[in-house]
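Here's a walk through the charges, patches and odd spots of one protein chain. Have the viewer open and follow along.

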Amino acid sequence: MPRTLDSQITVEKTPSYFVTKEAPRRIFNMSRDTKLIVVVRNPVTRAISDYTQTLSKKPDIPTFEGLSFRNRTLGLVDTSWNAIRIGMYAVHLESWLQYFPLSQIHFVSGEKLITDPAGEMGKVQDFLGIKRVITDKHFYFNKTKGFPCLKKSESSGLPRCLGKSKGRTHVQIDPEVIEQLRDFYRPYNIKFYETVGQDFRWE
Ligand SMILES: Nc1ncnc2c1ncn2[C@@H]1O[C@H](COP(=O)(O)OS(=O)(=O)O)[C@@H](OP(=O)(O)O)[C@H]1O
């Protein structure tokens, strides 16, 4: 981690931390005051997004439907497949709560981050205890990208959208499979809402 002045906050981002068994202990041992921010979205959409990303790099992988189940007829979901496992948020959260109080963890709604980026960023800034510097003035909706983009990048002064790998069109999935996965995630989602005290409305 880089050195930080008293007036600064160091931010480090790695998507896999949340689901890495050793991460909570290691971060706690580095600094028990660390504030944690986790972006979560509907786990079914997350799994399809994950698969779409892998498919773009490895076009020969089996179908989403094939990878999702150990036995589809019996509705047995393959929880060893990372795309499925990562979305079991309640399970991963347990490991973090062994080291950090809930007050030190902030959950960003991935859905609201798209529909109301300034609102979600406002909550992040409040959680970090800093002034609300990022506001709705910093975002605009880019019709071509189909997502909110930043009005300016610090370096170029030009509007800045996220890259091509963010906001790709998802692979079409059999609606019956989507329904089976919704059923699978429901208890994990409910447990997650109860634990964090926030309803993300992933139905
Ligand atoms: N403003 C904006 N522009 C583009 N994309 C946006 C934006 N806000 C949120 N998202 C959503 O971010 C999703 C990609 O983020 P990831 O979590 O996959 O990124 S990471 O690689 O894990 O860091 C990506 O998921 P996909 O749509 O499945 O590609 C987006 O839905």
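Ile9 sits in the segment before H1. Keep in mind that what you're looking at is a predicted model. With a relative accessibility of 46%, Ile9 counts as partly exposed. Together with Val11 and Ile130, Ile9 makes a nonpolar surface patch of about 280 Å².

The segment before helix H1 (23–30) is also home to Lys13. Is Lys13 buried or exposed? Its relative accessible area is 66%, so Lys13 counts as exposed. Lys13 is part of a patch of positive charge on the surface, where it gathers with Lys57, Lys58 and Lys166. So that segment contributes Ile9 to a nonpolar patch and Lys13 to a positively charged one.

**Salt bridges**

How many salt bridges does a search of the whole structure find? The count is 9. Here are some of them, with the distance between the closest N and O atoms.

| Positive partner | Negative partner | Closest N and O atoms |
|---|---|---|
| Arg72 | Asp174 | 2.9 Å |
| Lys123 | Glu120 | 2.8 Å |
| Arg182 | Glu179 | 3.1 Å |

Take the Arg72 and Asp174 pair, with its 2.9 Å between closest N and O atoms. Arg72 lies in the loop between strand E2 (69–71) and strand E3 (76–77), while Asp174 is in the loop between strand E6 (147–150) and H8, so this pair ties together parts that are 102 residues apart in sequence. Both ends are partly exposed: Arg72 has 30% relative accessibility, and Asp174 has a relative accessible area of 28%.

The Lys123 and Glu120 bridge is a within-helix affair: both residues lie in helix H7 (residues 117–128), 3 residues apart, which is about one turn of the helix. What's worth a look here is the accessibility. Lys123 is partly exposed, at a relative accessible area of 35%, whereas Glu120 is buried, at 2%. So here a buried acid is paired with a partly exposed lysine.

Arg182 and Glu179 follow a 3-residue spacing too, about one turn of the helix, and both lie in helix H8. Arg182 is partly exposed, with a relative accessible area of 31%, and Glu179 is also partly exposed, at 37%. There's a network to trace as well: salt bridges that share partners join Arg72, Asp174 and Glu176 into one network.

If you'd like a ruler check on Arg182, try its C-alpha atom against that of Thr169: the two residues are 13 apart along the chain, and the C-alpha atoms are separated by 20 Å.

**A buried spot in H8**

Staying with helix H8 (residues 175–196), have a look at Asn189, which is found there. Asn189 has a relative accessible area of 4%, so it counts as buried. Which residues does Asn189 touch, not counting those up to four places away in sequence? Those are Pro43 and Trp202.

**A buried acid without a bridge**

Now for Asp78, in the loop between E3 and helix H4 (82–85). Asp78 is buried yet has no salt bridge. Which side chain of opposite charge is nearest to Asp78, and how far away is it? That would be Arg70, 4.7 Å away. A salt bridge here needs a side-chain nitrogen within 4 Å of a carboxyl oxygen. Arg70 does turn up among the contacts of Asp78: leaving aside neighbours within four places in sequence, Asp78 is in contact with Leu67, Ser68, Phe69, Arg70 and Ile84. It makes a handy contrast with Glu120, which is buried at 2% relative accessibility and does have a salt bridge, to Lys123.

**A backbone oddity after H8**

Last stop: Arg201, which lies in the segment after H8. What is unusual to see on the backbone is its phi: Arg201 has a positive phi of about 55° although it is not a glycine. Its relative accessible area is 68%, so Arg201 is exposed.

Methods:
Residues numbered from 1 in each chain as written. Predicted model: local features only at pLDDT ≥ 70, side-chain atom pairs only at ≥ 80, totals over all residues. Heavy atoms only, no water. Patch = residues over 30% accessible without salt bridge, like charges linked within 9 Å, V, L, I, M, F, W, Y side chains within 5 Å. Areas by Shrake-Rupley, 256 points an atom, 1.4 Å probe, with all protein chains shown as cover. Lys, Arg positive; Asp, Glu negative; His and termini not counted. Charge placed at Lys NZ, Arg CZ, Asp CG, Glu CD. Helix = DSSP H or I, 4+ residues; strand = E, 2+ residues; numbered from the N terminus. Buried < 20%, exposed > 50% of the residue type's maximum accessible area, 1.4 Å probe, protein only. Contact = heavy atoms within 4.5 Å.
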